[in-house]
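Biologist: I'd love a close look at one salt bridge and its partners, and then a walk outward from there. Could you take me through it step by step?

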Amino acid sequence: MKKTDRELGMDRSITRRDFLQGTAVTGLAAAIPGGLTMAAGTAAASNSYAPTRTGLRGSHPGSFEMAHALRDGLKISDSTALDERYDLVIVGGGISGLAAAHYYRERFGEDARILILENHDDFGGHARRNEFHQGGAMRLSMGGTHNLETWQFSRRVKKLIHELGIDARQVRKDMEFAYGFGAKNGSAVWFDEETYGENRLVTNYTLEGWTPGTPYDCIDEFPISEQAREELNTLFGSTDNVLPDKSEAELYELLSSISYPDFLRRYAGLSDEAIQIFDTSQHGAWGVQLRALSAAEGLYSGLPGLHILGMAGEIEERDYPVAMFGDGNATVVRLLVTKLIPAVAPGTNAENVAVATFDYSKLDVPETPVRLRLQSTVLNARNTENGVAVTYANHGELLTVTAKHCVMACYHSILPYLCPDFPAEQKEAQHYQVKIPLVLVNVLLKSSAALDELGVNGVDCPGRLFRSVFMYKGFKSGGYDFPMADTGPVPLILWGTLAPPDDAVTAKDQFRASRQRMLEMTLEDYEREVRTVLDGMLGPAGFDVQEDILAITINRWPHGYSYEYMELWDETFEEGKAPHNIASQPLGNITIANSDAAASAYTHTAIDEAYRAVSELSV
């Protein structure tokens with residue numbers, strides 16, 4: 001029976017605390033045409049240390065309204081010209097923007113004056129740190145970007161990571177965390193009552209990343225129809241090649257031209273009920289329902305089916321040997337910030353960065369060569385006779401600064417509005433890349449007791465808003481030590497995109513619909529989902545939904561992962577002439593960084609693109 005909000009604990013003080021820290025919005029009179037009001041969260045007044053703020057974070061209230069107004073036709077008129085002249089203005093304080101500042105100082109000298117403008121109330125872009133103290137000892141969690149794919153690093157990325165003092169190999173060696181895998185009872189899947197008629201947790205869930213010889217008897221415990229269970233058992237028990245007459249080239253042509261669900265229907269005999277088990281499985285990776293994914297993309301993402309194509313030998317146990325920190329890639333961000341502005345956290349290095357407290361009042365000090373200005377939404381950048389003029393909104397004021405150079409380290413689709421002088425072809429290319437929306441919800445639990453009782457570290461939830469749920473512990477780096485054996489307060493992450501309506505078929509339509517849903521949901525909507533899931537999943541193991549939740553932080557990223565080309569929706573572009581290549585061309589003294597410029601959603605590509613953007617600037 002569905003519980004009331006009161007029974008779920010929605011009336012508990014956490015809701016009021018989170019409201020004050022993350023979602024209340026105050027109108028500030030803005031010196032903007034038409035009397036437009038700029039929204040600003042009250043978080044700064046209630047809690048001045050951004051990493052500890054809870055409630056709606058990520059793209060929080062106050063960080064995106066001005067950009068949306070610009071998109072919707074806001075005209076920029078008079079602004080106040082500040083008596084500030086820089087060598088470089090960087091738009092965006094994420095990893096690419098911070099790396100651009102580093103590379104600019106390498107190329108033009110450490111005395112170069114740099115201003116970094118960031119629209120959020122914290123730096124790092126998607127590499128955001130969530131820090132909890134509600135349970136006593138500090139607990140860290142990631143708020144966005146979280147992996148170092150070291151095997152893909154270029155020479156220059158390796159050099160920067162080394163200069164920051166990061167020993168990625170040691171970080172990897174000391175990391176116990178494994179996204180919920182390796183628990184006593186293996187991976188698990190939870191079927192919820194609202195979707196499947198009953199709440200049932202099934203352990204030893206083996207179907208995703210399944211390898212021949214691995215048991216699949218978990219299927220018999222699924223609360224689905226007998227026919228759907230039979231279909232799944234037949235698929236995993238089959239050893240026949242269903243397309244024996246296809247050459248390798250013909251097979252790939254077929255698999256890249258049909259959706260993964262169509263492949264399962266046509267060649268694996270699965271009905272929609274059986275397919276639904278996997279439908280949200282790529283929410284944290286590709287960010288789509290499976291109908292937007294080609295069969296080839298689905299199969300090589302670890303979804304089942306290669307074994308019925310005579311390719312059982314190509315199925316390997318999935319190993320993704322990333323290096324990760326207790327706060328995700330916020331560790332990289334914090335080390336970059338202290339390298340650029342040492343006064344923010346004197347004495348900080350890779351050995352103590354996780355436990356260092358940063359003094360945000362030192363981010364924007366006139367005497368320092370590098371300044372980082374938060375809550376500053378750039379609205380216009382244009383070339384001038386003497387360099388570049390950049391206009392931005394900050395606490396209701398329109399301000400303009402000038403510089404010799406400008407690096408746009410923000411996502412491509414906003415660039416046509418910020419820089420109207422881009423050629424039409426370039427604007428079209430910038431609009432082409434629709435970013436993938438993502439949400440990472442961090443829930444601080446009083447303890448890991450319920451999950452320990454169940455013998456699981458992570459759970460898939462195919463019927464709920466978030467596919468993946470996992471504990472975030474097992475880290476030892478930067479002075480932070482939170483082993484898997486610690487049974488005390490623990491962050492639990494709910495991760496993925498939000499399912500779009502059924503009529504959103506193409507990848508871009510799904511991204512746009514998911515983004516709209518993400519922005520329309522209130523804090524209460526997210527909290528209700530969290531409490532409903534944890535109550536149904538963990539309640540039988542003694543979890544008290546009213547008492548055992550200490551804090552909730554919703555990191556919503558309506559513009560999350562960079563767009564990566566997909567087989568069903570994108571043509572094969574000529575080398576160097578893909579939309580991201582055209583979109584990232586320099587315009588006078590303005591160059592473009594960020595992972596969009598590589599059409600690749602990774603930290604190392606953001607760094608590489610920062611290097612390229614700086615190298616394109618004239619001396």
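Biologist: Let's start with one residue. Is Asp327 buried or exposed, and what is its relative accessible area?

Modeller: Happy to! One thing to keep in mind as we go is that this is a predicted model. Asp327 is buried, since its relative accessible area is 1% and the cut-off for buried is under 20%.

Asp327 has a charged partner there. It forms a salt bridge with Arg129, and the closest N and O atoms of the two are 2.8 Å apart. The two residues come from distant parts of the chain, 198 residues apart. Asp327 sits in the loop between helix H12 (295-299) and H13, while Arg129 belongs to strand S6 (residues 129-132). Arg129 counts as buried too, with a relative accessibility of 4%. As a general point, side chains of opposite charge can pair when their charged atoms come close.

The structure holds 30 salt bridges, and two others make a useful contrast with this one. Asp364 and Arg373 bring their side chains together in a salt bridge with an N to O distance of 2.6 Å. In that pair Arg373 is buried, at 8% relative accessible area, whereas Asp364 counts as partly exposed, at 27%. Both residues also belong to a network of salt bridges that links Glu84, Asp364, Arg371 and Arg373. The side chains of Arg200 and Glu198 meet in a salt bridge as well, at 3.1 Å from N to O. Here Arg200 is partly exposed, with a relative accessible area of 28%, and Glu198 is partly exposed too, at 30%.

Now back to the loop that holds Asp327, which lies between H12 and H13. Following H13 takes us to another part of the model, since helix H13 (330-340) is among the elements that cover the buried residues of helix H5. Helix H4 (95-108) and helix H20 (603-615) are also included in that cover. The residues in question are Val157, Leu160 and Ile161, which are buried in H5 (residues 155-163). They lie on the same side of H5 because they cover an arc of only 100° around the axis. The general rule behind this is that an α-helix has 3.6 residues a turn, so residues three or four places apart point the same way. Arg155 and His162, on the other side of H5, are exposed. Just after the helix, Gly165 takes a positive phi of about 85°.

Charged side chains turn up again in the second largest pocket, which holds about 500 Å³ of space. Its lining has 21 residues, and those closest to the centre are Lys2, Lys3, Glu194, Arg464 and Thr532. Helix H7 (193-196) and helix H18 (523-538) are the elements that give two or more residues to this lining. H18 gives the most, with six. Sorted by class, the lining has twelve charged, five polar and four nonpolar residues.

One last stop is His580, in helix H19 (residues 579-583). At 12% relative accessibility, His580 counts as buried. Leaving aside residues up to four places away in sequence, His580 touches His412, Gln433, Tyr565, Asp596, Ala597, Ala598 and Ala599.

How values were computed:
Residues are numbered from 1 along each chain as its sequence is written. This is a predicted model: local features need pLDDT of at least 70, side-chain atom pairs count only at pLDDT 80 or more; totals for chains, interfaces and linings use all residues. Side-chain values use heavy atoms; hydrogens and water are left out. Buried means under 20% relative accessible area, exposed over 50%, partly exposed in between (1.4 Å probe, protein chains only). Helices (H or I, at least four residues) and strands (E, at least two) are DSSP runs, numbered from the N terminus. The arc is that of the directions from the helix axis to the C-beta atoms. Contact means heavy atoms within 4.5 Å. On a 1 Å grid over the protein atoms alone, a cavity is a set of points where a 1.4 Å probe fits but cannot get out, and a pocket is an open set with protein on both sides within 12 Å along at least five of seven lines; lining residues have an atom within 4 Å of a point. Grid points are joined across faces, edges and corners, and a volume is the space filled by probe spheres set on the points. Ala, Val, Leu, Ile, Met, Phe, Trp, Tyr, Cys and Pro count as nonpolar, Asp, Glu, Lys and Arg as charged, and the others, Gly among them, as polar. A salt bridge is a side-chain nitrogen of Lys or Arg within 4 Å of a carboxyl oxygen of Asp or Glu.
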